[in-house]
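Here are my notes on this one, with the ligand site up front and the helices after. Have a look at the structure as you read.

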Amino acid sequence: MVGSSRHQASALPAGLPPRLLAWRVLQAVQGGAYADIALERLLGPSGLAAADRGLATELAYGCVRQQRLLQAWIDALGRRSAADQPPKLRSVLELGLYQLLFCQRVPAAAAVHTSVTLAQQLGLGRLAPVVNGMLRELLRRRADARAQRSGGDAAGADQGGQASEGPTTLEPWTGLDLPADPAASLGLRHSLPAWLAEELLRWRPLEQAEAFGRAANAAAPIDLRVNPLRSSREQLLAELEAAGVRAEPLPELAEGLTLSDAPGNLRQLPGYAEGRWCVQDRHAQAIVPLLDPRPGQRVLDACAAPGGKATQIAALLQGSGEVWAVDRSAARLRRVAANAERLGVSEILRPLEADATALASLRPAWRGHFDRILLDVPCSGLGTLARHADARWRIDPDRIAELVLLQSQLLEGVAPLLAPGGCLVYATCTVEPRENGERIAAFLNGRPDWRLRLERQWWPGHGGGDGFYAAVIDAPASGEGRGR
Ligand SMILES: C[S@@+](CC[C@H](N)C(=O)[O-])C[C@H]1O[C@@H](n2cnc3c(N)ncnc32)[C@H](O)[C@@H]1O
């Protein structure tokens, strides 16, 4: 049996180290850890080769993301429901099922065999036949479904579960009895929490809610933003090509490009250390152009860390003007300073640790001071589920209600700082209307002199990239209407 401390990868049967590592991540997440932090902590000292690190990452994140669907399969295949399975065994089953349903490159026999071996290594040898039986039953059901679909006979295709399940044209839920209720079915198929599936069907027609679900489980693109102070898009594309990295320009963004393959460590790509580019999602890149900062202006980024948009603003000021990058988190603010340094904008970008809801009283001289204010608020992040495996399980309506309150306080807190005729851009990376259009409507209610110039919602699943929301608001030209 493997110990609970660090294991020696070489002492384990073939194929086991990445699966054992992923299993440990799942156990940590069950205990309340963040998936990315647990993975990083375990991968660091693991000694795994690059391919095994990739597999461990895919299995850990995939199982976390697909938890609801995988547990529905356990409910359907086992004598006990997923909730009643011993937690250690449940994670073994999730890993095995995930490989059979989602991992094209893992042969079915290898997925079953390594899952049984993993159970044995974890001291669950008595339950290894359960693992073997359930995984083979999944293969039988999927073979039946495939045969039914092609009008053939499944019986001969897979008597012992040995046929290659292969990743298939089947959906990962094919073979499960789906609930008749549209929200319950949507949530189960795309492994979304029940409350979110219900909300999605209130916000969007079914087809678009389906697109949201698919996008939440698809690989997120890796987009870069060129730093115009240090390079150009053409130059960077040529440099990347010379390094064997395929990339394409993003048509709607002057400085955006997207990587066609996912190289391992992005920081080792040409130009990173020299500040010629940074990683930034395509829709995140589209927010600052709405703010339209010009050289010489005074700009406040009131929720600035880690600095993706603050450094973009500073580059557009071309060394003239000021950008105050405020954030409540000292640790996150250190990343703003490091990014500003690397991208060559630290001369005009000033990090400040402060609560932006209280800036008007903390800095009275800032009343009516800023030509532009960006308010990129903390939000539910429902537009970025593809990037954060466990985010969907961490957010719920109670937390959203807290965020809505904070967002209102932030809007009210920064409004008095805007100069007459200045422009405020409010942004989120969510699709929840209470955090977006409803927040802005509430803010404008009673401010008849303020004008909503533009409002835009980017949905995940449309044109790639994350889901974002932005509202562009103009303050009245006289000082009359500022604040309340
Ligand atoms: C969505 S992130 C900002 C991302 C950033 N604009 C970028 O593009 O890199 C929201 C930030 O708001 C900060 N925050 C939360 N509450 C705050 C408050 N009351 N005052 C200032 N910052 C706050 C969080 O620490 C977090 O860094």
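1. Start with the ligand: 17 residues surround it, and Cys303, Gly308, Lys309, Ala356 and Asp376 come nearest (C-beta atom, placed from the backbone, within 6 Å of the molecule). Bear in mind that this is a predicted model, where local features need pLDDT of at least 70, side-chain atom pairs count only at pLDDT 80 or more, and totals for chains, interfaces and linings use all residues. Numbering runs from 1 along each chain as its sequence is written.

2. By class, the shell around the ligand has seven nonpolar, four polar and six charged residues (Ala, Val, Leu, Ile, Met, Phe, Trp, Tyr, Cys and Pro are nonpolar; Asp, Glu, Lys and Arg charged; the others, Gly among them, polar). α14 (308-317) and β6 (322-327) each give at least two residues to this shell (DSSP runs numbered from the N terminus: helices H or I, at least four residues; strands E, at least two).

3. Next, α6 (residues 108-121) and α7 (residues 128-150): their axes come within 8 Å and cross at roughly 160° (lines fitted to C-alpha atoms over the stretch in contact, angles from 0 to 180 degrees between N-to-C directions). That makes the two helices roughly antiparallel (over 145 degrees).

4. Who touches whom here? Ala108, Val112, Ser115, Val116, Ala119 and Gln120 of α6 meet Ala128, Val131, Asn132, Leu135, Arg136 and Leu139 of α7 (C-beta atoms, placed from the backbone, within 7 Å). Eight residues in this contact are nonpolar, three polar and one charged.

Terms used:
Parallel < 35°, antiparallel > 145°, perpendicular 65-115°, else oblique. Contact = placed C-beta atoms within 7 Å.
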